[in-house]
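Student: I'm new to this one. Could you take me through a close look at a single part, the place where two helices pack together, and what lies around there?

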Amino acid sequence: MARGLIWATAEDLANNRAKVLSLYRSILRSINSPKLPLNLAARLAKKAEVRTIFMYASEERSLHNIDDLMDSAEYSLSLLQKGEIPKIIQ
């Protein structure tokens, strides 16, 4: 991302698109893990919450907020892979 700017440019957003899509898909796949103590309805509800979070985050234009959202998504993914449900999507 460009240094010293407050708002993301179209180039910044395009550069992060692949990483964001990868995180989104990985989180959705991790919710299907048999390690998580969730029934089918709870899994569908969690997936809907994740979609909502990513849809809301896709409209974010502040570089600082984008970095924070990416960090929290990576943290949530690491917890899901361990078999824990992160508080962000609980």
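Tutor: Start with how the two helices run: α1 and α2 are roughly antiparallel to each other, because the angle between them is about 165° and anything over 145 counts as roughly antiparallel. Keep in mind that this is a predicted model. To find the pair, look at residues 10-31 for helix α1 and residues 40-57 for helix α2. Their axes lie 9 Å apart, and the crossing of α1 and α2 is right-handed.

So who touches whom? On the α1 side, the contact is made by V20, L23, Y24, I27, L28 and I31. On the α2 side, look for R43, K46, K47, V50, R51 and F54. Sort the contact residues by class and you get 8 nonpolar and 4 charged ones, with no polar residues.

Now let your eye move on to the largest pocket, which holds about 620 Å³ of space. Its lining is made of 23 residues, and the closest to the pocket's centre are V20, F54, A57, S58 and M70. You've met two of those names already: V20 of α1 and F54 of α2 both take part in the helix contact. Three elements give two or more residues to the pocket lining, namely α1, α2 and α3, the last one spanning 63-82. Of these, α1 gives the most, with 7 residues. By class, the pocket lining has 16 nonpolar residues, along with 4 polar and 3 charged ones.

Notes
Residues numbered from 1 in each chain as written. Predicted model: local features only at pLDDT ≥ 70, side-chain atom pairs only at ≥ 80, totals over all residues. Heavy atoms only, no water. Axes fitted to C-alpha atoms, helices over the stretch in contact; angles between N-to-C directions. Helix = DSSP H or I, 4+ residues; strand = E, 2+ residues; numbered from the N terminus. Parallel < 35°, antiparallel > 145°, perpendicular 65-115°, else oblique. Left-handed = near helix turned anticlockwise from the far one by under 90°. Contact = heavy atoms within 4.5 Å. Nonpolar A, V, L, I, M, F, W, Y, C, P; charged D, E, K, R; others polar. 1 Å grid on protein atoms, 1.4 Å probe; cavity = no way out; pocket = protein on both sides within 12 Å on 5 of 7 lines; lining within 4 Å. Points joined across faces, edges and corners; volume = space filled by probe spheres on them.
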